[in-house]
Amino acid sequence: MSNSQLTVSQITGQAVLQLDKLNKIFNADTPLQNHVLHDVSLRVCPSELVALVGTSGSGKSTLLNMMGLLDVSTSGELRIQGHLIQGMSEQQRTQLRSESIGFVFQFHHLISAFSVLDNVLMPLMLRFGKPSKEQIEYAEHLLNEVGLSNYIAQSTSRLSGGQQQRVAIARALVTRPALVLADEPTGNLDTQTADEVFALFERFNVEHQCAIVIVTHDPRLSARCPRTIRLTDGRIVYDGPSADLPSVFTVTP
Ligand SMILES: Nc1ncnc2c1ncn2[C@@H]1O[C@H](COP(=O)(O)OP(=O)(O)OP(=O)(O)O)[C@@H](O)[C@H]1O
Ligand SMILES: [Mg+2]
């Protein structure tokens, strides 16, 4: 890659996401205390595609919720595009989240009373109110890219699971986020549909240049991400090229 193809943040080395010694203790100071994340440090750079893997209960969703500013850490520092989260008000965190982060969950949380298009526009409507003509055109463009241009006016309840997840991906991208966080987005889908949905993440990662962190239990899919982060009991035990992941880690229950 030549210098002219690098983004400003790649040249200056600014990470989209940076975690320094992040800890999460649920129910701290009670007998039910549960120390779930231990000194988690990592950086995600623009346009990276990262798999986050680990056994059930290892802390993947907890970590993703921290990264997405849906929950706060007990200690440590987290930065989104250089902005330090610790010390921000809830309102500031909400604003940064809506500007910089898109989410895709295993259960897509679409609103069946709304059309496909309105579901995709929802993050923009929550932020700006009535969407502009450009915003509507961009949402339609995204729905075209995920292969749903014929379903724009339909209710989401009439779509298949794979189609609903495609709507959720378009919704996550409609704000042009620098970071997309996906928690087992293919966990509910059959193998072929999972492959197709995953291919959309790969494509958007390149075409929209957004960093993507994707939680998956499927070693076939994590192997397709250039980088894998592996959690065991809330600690990072591997962070590197997916191809070099020690074989002891490649089978996840
Ligand atoms: N709100 C909460 N209060 C207390 N404990 C919690 C809470 N959320 C998660 N935990 C605990 O944190 C640990 C990690 O849970 P988490 O959901 O992050 O795991 P996971 O790796 O995403 O698992 P899975 O693969 O099954 O989704 C578990 O022991 C869980 O019980
Ligand atoms: Mg989880």
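A polar contact is a pair of N or O atoms within 3.5 Å. The structure considered here is a predicted model.

**Exercise 1. Determine which polar contacts tie Gly 57, Lys 60 and Ser 61 to ligand 1.**

Solution.
Step 1. Ser 61 places a polar side-chain atom 2.9 Å from an oxygen atom of ligand 1, which is within the 3.5 Å limit.
Step 2. For Lys 60, a polar side-chain atom is found 2.7 Å from a ligand 1 oxygen atom.
Step 3. Gly 57 contributes through its backbone: an N or O atom lies 2.8 Å from an oxygen atom of the ligand.
Step 4. The accessible area of ligand 1 on its own is 640 Å², of which the protein covers 60%.

**Exercise 2. Describe the composition of the shell around ligand 1.**

Solution.
Step 1. The shell holds 14 residues, and Ser 56, Gly 57, Lys 60, Thr 62 and His 217 come nearest.
Step 2. By class, ten are polar, two are nonpolar and two are charged.
Step 3. Both β2 (34-44) and α2 (60-67) supply at least two residues; α2 gives the most, with three.

**Exercise 3. Establish the strand order of the open sheet and identify its edges.**

Solution.
Step 1. The six strands follow the order β6-β7-β8-β3-β9-β10, with mixed pairing.
Step 2. β6 (101-105) and β10 (235-241) each have a single partner strand, so one side of each lacks a neighbour in the sheet.
Step 3. From one strand to the next, the twist averages 15°.
Step 4. Within the sheet, β3 (residues 49-53) and β8 (residues 211-215) run parallel and are joined by four bridges; Val 50 stands opposite Val 213 in β8.
Step 5. Helix α7 (residues 191-207) lies across β3, β6, β7 and β8, at about 160° to β8.

Notes. Residues are numbered from 1 along each chain as its sequence is written. Chains are lettered from A and ligands numbered from 1 in the order in which they are written. This is a predicted model: local features need pLDDT of at least 70, side-chain atom pairs count only at pLDDT 80 or more; totals for chains, interfaces and linings use all residues. Side-chain values use heavy atoms; hydrogens and water are left out. Two strands pair if DSSP finds at least two bridges between them. Axes are lines fitted to C-alpha atoms, for helices over the stretch in contact, and angles run from 0 to 180 degrees between N-to-C directions. Contact means heavy atoms within 4.5 Å. A residue is near a molecule or strand if one of its heavy atoms lies within 4 Å of it. A polar contact is a pair of N or O atoms within 3.5 Å; within protein, one must be able to donate a hydrogen and the other to accept it, and residues adjacent in sequence count only if both atoms are side-chain atoms. Accessible areas come from the Shrake-Rupley method with a 1.4 Å probe; for residues, only the protein chains shown count as cover. Ala, Val, Leu, Ile, Met, Phe, Trp, Tyr, Cys and Pro count as nonpolar, Asp, Glu, Lys and Arg as charged, and the others, Gly among them, as polar.
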